[in-house]
Amino acid sequence: MSKKAVNVSVVGCSLVDCVYAKVDFNSAAFKKYSSLQNGDGGLVPGQLVFMESLEKFSGVAADQMLAELTGNAAPSARNVGGPAVVAAINAAQLCSDYPVKVKFYGARGKDEGAELIEKILKQTPLDITNYQVADAPTPSTQVLSDPTYHNGKGERTFINVIGAANDYTPQQLGDEFFESDVLVFSATALMPPVHDNLTALLKRGKAAGKINMVATVFDFRNEMRDPVGRWPLGESDESYKYIDIMAVDWDEARRLSGEEELEKIVDFFASRGVSSMLITHGAKNFHVYSDGRLFNRTELSSWAVNELVNQDLAQYPERRGDTTGCGDNFAGGLLASLIMQLSEGKTAGELDMRTAAAWADASGGFACFCLGGTYIEKAPGEKYALVKRYCDYYLANQ
């Protein structure tokens, strides 16, 4: 059977990740800069904070803080990061044998960081024609990674400089963005003008008959504004009824819904119209739900992460990277399976959630074997083969 062409538009966060792979979250330095209460600007394992907020919280300049936190070490790696672009790269790589175009929309500066990003992205199949250049710093994140945290499963903390993403507006998307079959809004909380207009953008996509996917990121801006109340997603809760598939981690799901229990969190999103969702929880089980409109009906269930990944990490410790980008690649694997199934001729209601979850889980697990979230292939199809091994194992054993 011939495969159908599928076009995908992705907008959201892209940045330079400076990864420090051996930071001790139990050290005196980390505790010195750790949060005392929600939204105060201090560091929290697994969460994101803006650099300017951390400087205000601590009263210490960024360079001095980083020197203390990292033991004055140089970054272990500098890579392309950001949930949107990393997910888009992963989907484009996994779909290399399909008639698919994945187009990225975002903003970068005119600096060394932008040059690094462009050099790396040109080694991937991602279309960056619409990746605009602005007169502002390229967004960046200092990624502090502790591989021993969570009993050796690892954790990261992110210190973000929002840069050019702060000036990227919905108008810059243009009409072409909405002509794709699948529209992805990813980590828009790190692109405030887009995030604050998300309801209208999702509504436009749905009115045009497109599939809307939303992948979230820790919304530190709204956490600072109100550490207790629910985070907004766009102009109103109307956003949710235009979302076909949502990828969200546990903390983000809690803060967006205002709920603490899994069933209540899922009911919040589902009752407001989200059709399908996957909720990740680090190295713990992830949660899956679909009402049957896009993916086949799947009752709320919790699925274990890939045991083959854990086996390989234990057997080949020299191959261990870090957990940076695991969630981003998880979302990219989910997107890739959506694209593959659409290209193979499946339509709304026929798409298989189990297959999509397997590709998502396998992608997130594979990210543990590289520093940073972006894997550079030696040849097209290389990553597909490597990730498919974990996907096949998952489908055979889940």
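## Helix α2

Which exposed residues sit on the face of α2 turned away from its buried side? In this predicted model, they are E52 and K56. The other side of the helix, which runs over residues 51-58, has M51, S53 and L54 as its buried residues. Those three share one side of α2 because they cover an arc of only 160 degrees around the axis.

As for what lies over them, the cover includes the strands β3 (48-50), β7 (140-146) and β8 (155-161), along with helices α3 (62-70) and α9 (220-225). Just past the end of α2, G59 has a positive phi of about 75 degrees.

## Helix α5

Now for α5, residues 112-121, where the buried set is G113, A114, L116, I117, I120 and L121. Here too the arc is only 160 degrees around the axis, so these residues end up on the same side of α5. That fits the usual helix pattern: with 3.6 residues a turn, residues three or four places apart point the same way.

Flip to the face turned away from the buried side and you'll find E112, E115 and K119, which are exposed. Among the elements covering the buried residues of α5 are helix α4 (83-94) and strands β2 (15-20), β4 (77-81), β5 (100-108) and β6 (131-133).

## The largest nonpolar core

The largest nonpolar core has 136 residues, and L144, F269 and L278 are the ones touching the most other members. Helix α13, residues 326-343, is the top contributor with 10 residues.

Take a look at F269: leaving out residues up to four places away in sequence, it touches Y240, M246, A253, L256, S257, V274 and M277.

Key: Residues are numbered from 1 along each chain as its sequence is written. This is a predicted model: local features need pLDDT of at least 70, side-chain atom pairs count only at pLDDT 80 or more; totals for chains, interfaces and linings use all residues. Side-chain values use heavy atoms; hydrogens and water are left out. A nonpolar core is a set of buried Ala, Val, Leu, Ile, Met, Phe, Trp, Tyr and Cys residues joined through side-chain atoms within 4.5 Å. Buried means under 20% relative accessible area, exposed over 50%, partly exposed in between (1.4 Å probe, protein chains only). Helices (H or I, at least four residues) and strands (E, at least two) are DSSP runs, numbered from the N terminus. Contact means heavy atoms within 4.5 Å. The arc is that of the directions from the helix axis to the C-beta atoms.
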